[in-house]
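Work through the exercises below with the sequence and the 3D structure open. Try each task before reading its solution.

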Amino acid sequence: MGLRGFPRGYVPKRGDKFGSLTATGNSKLRKNKWNNRYFSEVRCPHGNTRFVRTSHLKSGCSSCRKWQTCFLIKAGQKLGSLIATGKFRIQQFRTCASRYYEVRCPHGNTKFIQSSTLKSRSSISCRSWEECGLTEFQSRHRDYMRNRMPAVDLANLSEQQNGVCVICGNVRFQSSLNSKEHLIPVVLFARSKWSLKEKNARANSPTNIFASHFWCNNSRNGLSLRSYWKKHPQFEASARAAIARARQVRRSLIHEEFLKAA
Ligand SMILES: [Zn+2]
Ligand SMILES: [Zn+2]
Ligand SMILES: [Zn+2]
């Protein structure tokens, strides 16, 4: 006998069940230099079919949970206490692509979350989101500040940083910077004891606005950079260098303006 009671040389027949998957009866053989690999076609409850290694079926592969075609989240779909907005983005990593879905929590905050995380149900509430747990008063202040982010040119910011992300220092991604970032997160100002006017002046001061990768911005989510770098120490040195460079460039710009005006 072979794996889990399947006879040696077993080939799934049409209608054979493997958990929620059903064999269609089609199979194929892929040979390479070292071995023969058998694949059997199975259909899932969503009606999608796919060729799966026969040995995987025999050893217990029994659902379409990991199939890209089967985990499409629609707008309004409930995922624990989160609700999908219907927006998603695809992030290409070196070897594979990952889908991120936007979800809204009961406090009205939105965030992109990797579909595999949603699938594994490890992030089905906003419990760990920094910006939740704000009082109603604080969250109104946060929205006020967010709506008043100054209209600085992203291309300019990026140039001042030499195209280096202030969060990952371009260690995570090399791609161009596509998001404006409050260096000290708005949510931290919202929690502070200052007046709203003071909070807004500080959060949206030009010295607090930098450019980053959208993904870095999103994954950081309200954490201070210091805590974020504690989790990802490989980013810190070159991100710090980018911040220092941008500050220097801005100081000299202000100096030039000053000379012009004088
Ligand atoms: Zn399916
Ligand atoms: Zn929340
Ligand atoms: Zn980055």
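A residue counts as buried if 20 or more other C-beta atoms lie within 10 Å of its own, and as exposed if 12 or fewer do. The model used here is predicted.

**Exercise 1. Decide whether A242 is buried or exposed, and find what surrounds it.**

Solution.

Step 1. Locate the residue. A242 is placed in helix 9.

Step 2. Count the neighbours. Within 10 Å of A242 there are 25 other C-beta atoms, so A242 is buried.

Step 3. List the contacts, setting aside neighbours within four places in sequence. A242 is then in contact with Q161, N162, V164, C165, V166 and G169.

Step 4. Check one distance along the chain and in space. Q161 and A242 are 81 residues apart along the chain, but their C-alpha atoms are separated by 5.2 Å.

**Exercise 2. Repeat the analysis for A239: is it buried or exposed, and which residues does it touch?**

Solution.

Step 1. A239 also belongs to helix 9, which covers residues 236-261.

Step 2. The count for A239 is 27 other C-beta atoms within 10 Å, and therefore A239 is buried.

Step 3. Not counting residues up to four places away in sequence, A239 touches C165, V166, I167, C168 and G169.

Step 4. A239 and V164 lie 75 residues apart in sequence, while the C-alpha to C-alpha distance between them is 7.1 Å.

**Exercise 3. Find which members of the largest nonpolar core touch the most other members, and which elements give two or more residues to this core.**

Solution.

Step 1. The largest nonpolar core has 17 residues, and those touching the most other members are C165, V166, I167, C168, A239 and A242.

Step 2. Two or more residues of this core come from each of strand 10 (209-212), helix 7 (214-220), helix 8 (225-231) and helix 9. Helix 9 gives the most, with three residues.

Step 3. Take I167 as an example. Leaving out residues up to four places away in sequence, I167 touches S212, C216, N217, R220, L225, Y228, F235 and A239.

Step 4. Apart from the largest core lies another core of eight residues, including Y101, V103, I113 and L118.

**Exercise 4. Work out the strand order of the open four-stranded sheet and identify its edge strands.**

Solution.

Step 1. Start with strand 1 (residues 17-18) and strand 2 (residues 21-31). They run antiparallel and are joined by two bridges. K17 stands opposite T22 in strand 2.

Step 2. Look at the turn. Strand 1 and strand 2 form a hairpin with two residues between them, and G19 in this turn has a positive phi of about 60°.

Step 3. Go on to strand 3 (residues 36-43). Strand 2 pairs with strand 3 in the antiparallel sense over seven bridges. T22 stands opposite R43 in strand 3. Strand 2 and strand 3 also form a hairpin, with four residues between them.

Step 4. Add strand 4. Five bridges connect strand 3 to strand 4, and the two run antiparallel. The bridge partner of E41 in strand 4 is F51.

Step 5. Put the pairs together. The order is 1-2-3-4, with antiparallel pairing. Strand 1 and strand 4 (49-53) are the edge strands, since each pairs on one side only.

**Exercise 5. Find which residues of helix 3 are buried and what helps to cover them.**

Solution.

Step 1. Helix 3 spans residues 136-146, and H141, R142 and M145 are buried in it.

Step 2. These residues cover an arc of only 105° around the axis, so they are on the same side of helix 3.

Step 3. The cover over the buried residues of helix 3 includes helix 5 (186-191) and helix 6 (196-203).

**Exercise 6. Describe the chain as a whole: what helices and strands does it have, and how spread out is it?**

Solution.

Step 1. The chain has nine helices and ten strands.

Step 2. Its radius of gyration is 25 Å, well over the 18 Å given by the globule rule for 262 residues, so the chain is more spread out than a compact globule.

Step 3. The C-alpha trace spans about 90 × 45 × 25 Å along its principal axes.

Step 4. The domain assignment gives domain 1 (3-68), domain 2 (72-119) and domain 3 (136-261). Between the C-alpha centres of domain 1 and domain 3 there are 50 Å.

Step 5. Of the 262 residues, 22% count as buried.

Note on methods:
Residues numbered from 1 in each chain as written. Chains lettered and ligands numbered in written order. Predicted model: local features only at pLDDT ≥ 70, side-chain atom pairs only at ≥ 80, totals over all residues. Contact = placed C-beta atoms within 7 Å. Domains from an automatic or database assignment. Rg over C-alpha atoms; globule rule 2.2 N^0.38 Å. Pairing = 2+ DSSP bridges. Arc of directions from axis to C-beta. Core = buried A, V, L, I, M, F, W, Y, C linked by C-beta atoms within 7 Å.
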